[in-house]
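Biologist: I would like to learn how to read a model like this one. Could we go through it together, feature by feature?

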Amino acid sequence: MTEARAAMGRIFRAREPRGLGEERVEGLAELAARVRELTEAVVLTDVDDAEVAAVAAQVAELTARLNTARRQEPPSIEFGADGAFRHLAGPVTGRLNPIAPPVEVAVHEDGTVRGVFTLNAVYEGPPGCVHGGVAALVLDHVLGMAAAANGTPGMTATLDMRYRRPTPHGVPLTVEAKAVRSEGRRTFVEAHITGPDGKVTVEATGMFVRPVH
Ligand SMILES: CCCCCCCCCC(=O)SCCNC(=O)CCNC(=O)[C@H](O)C(C)(C)COP(=O)(O)OP(=O)(O)OC[C@H]1O[C@@H](n2cnc3c(N)ncnc32)[C@H](O)[C@@H]1OP(=O)(O)O
C-alpha cells in the first residue's frame, strides 16, 4: 500500500472497501436524485396548508420504510469500476447523498481537479446567490481532492476564502483546483469557482496536513 493510499485510509477510516455493486449504486443514486427534487419542492412549494400536512405524513411513512433496514454508518470511500476512489455518500460529490449537488468531478493527468455543478435555490444565501458557506464546502472538497491527486492527501488545516463576486444559483458553475506545493506533511492547494460568464466568483487556498495516525 502506498503512503498516499494509507493516508487516505486514515482520513476516511477505510476498512477493506465493501463494494455496494453498480446496480445498488444506481438504485440509491436514483433515490437520492428524487429526494433532491423533493427538497427543492419543499423549499419552493406554495400549496395550501392541508396539502403540506398530507405530504409531511406521507414523507414520514417513506422515511420509516427506509429505516426498516439501516447501515451502521454511511458508505465511506469505495473504489469504482475504474479503480478510482469515490466518495459515494459525501456531501459534495456523493451521488448517494441528497444534500450533495452533486458536483461532477474529473481528475486530470496533471493533477488538476475540475468539476461542473448547479446549485439550486436550496443553497441560497443572499437572494439569487449561493450561500458563502456552501461555496466553501464545495471548494474545501475539491481542494482536498487535488491534494490527494498530488499524491499527498490530507485533512484541511486552513481554508482561506476570497469572495470576489456573488455566485448565482440555478446556473452551471465550474470549479477547478490544483496543488501548488508540498512541504513535509503540508500541501498547499488553490481553487476557484467560475460563473457562466467565465468570471471567477470565489477563490480559495487550503493547506492540508497528511495525518500520521
Ligand atoms: C479522493 C477523495 C478526496 C476527498 C477530499 C475530501 C476533503 C475534505 C476535507 C475535510 O473536510 S477534512 C475535515 C476538516 N479538517 C479537520 O477536521 C482537521 C482537524 N485537525 C486535525 O485533525 C489536525 O489538527 C491536523 C491533522 C490538521 C494536524 O494535526 P497533526 O497532529 O497531525 O499535525 P501537527 O501538529 O503534527 O503538525 C503537522 C504540520 O502541519 C502544521 N500545521 C498543523 N496544523 C496547522 C494549521 N492549522 N495551520 C498551519 N500549520 C499547521 C504544523 O506546523 C506541522 O508543520 P511541520 O511539519 O512543518 O512542523
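Modeller: Gladly, and let's begin at the ligand. A residue is near a molecule if its C-beta atom, placed from the backbone, lies within 6 Å of it. Here 18 residues surround the ligand, and the closest are Gly 144, Met 155, Thr 156, Ala 157 and Val 209.

Biologist: Before we go on, what should I know about numbering and confidence?

Modeller: Residues are numbered from 1 along each chain as its sequence is written. The model is predicted, so local features need pLDDT of at least 70, side-chain atom pairs count only at pLDDT 80 or more, and totals for chains, interfaces and linings use all residues. As for pLDDT, this is the predictor's confidence in each residue, from 0 to 100. The chain averages 91, with 92% of the residues scoring at least 70. The model has ipTM 0.91 and pTM 0.92.

Biologist: Which helices and strands supply at least two residues each to the shell around the ligand?

Modeller: Helices (H or I, at least four residues) and strands (E, at least two) are DSSP runs, numbered from the N terminus. The suppliers are β2 (85–87), α4 (132–149), β5 (155–163) and β8 (200–209). Of the shell residues, 5 come from α4, which gives the most.

Biologist: How does the shell divide into nonpolar, polar and charged residues?

Modeller: Ala, Val, Leu, Ile, Met, Phe, Trp, Tyr, Cys and Pro count as nonpolar, Asp, Glu, Lys and Arg as charged, and the others, Gly among them, as polar. The shell has 9 nonpolar, 6 polar and 3 charged residues.

Biologist: Is Thr 156 buried, partly exposed or exposed?

Modeller: Count the other C-beta atoms, placed from the backbone, within 10 Å of a residue's own: 20 or more means buried, 12 or fewer exposed, and in between partly exposed. Thr 156, in strand β5, counts as partly exposed because it has 15 such neighbours inside 10 Å.

Biologist: And why does His 141 count as buried?

Modeller: His 141 lies in helix α4, and it is buried because 25 other C-beta atoms are within 10 Å. Its C-alpha atom is 9.3 Å from that of Gly 90, although 51 residues separate them along the chain. Compare another pair: Ala 179 and Gly 128 are also 51 residues apart in sequence, but their C-alpha atoms are 32 Å apart.

Biologist: How many residues of α4 are buried, and how many of α3?

Modeller: In α4, 13 of the 18 residues are buried, so the helix is mostly covered. For α3 (residues 49–66), the number buried is 0 of 18, so that helix lies largely in the open.

Biologist: What span is expected for these helices?

Modeller: The expected span is 1.5 Å times one less than the number of residues. For α4, the 26 Å from first C-alpha to last is close to the expected 26 Å. The end C-alpha atoms of α3 are also 26 Å apart, which agrees with its expected 26 Å.

Biologist: Which elements supply at least two residues each to the largest nonpolar core?

Modeller: A nonpolar core is a set of buried Ala, Val, Leu, Ile, Met, Phe, Trp, Tyr and Cys residues joined through C-beta atoms within 7 Å. The largest has 28 residues, and among those touching the most other members are Leu 139, Val 142 and Leu 143. The elements are α4, β6 (172–183), β7 (186–194) and β8. The largest share, 10 residues, comes from α4.
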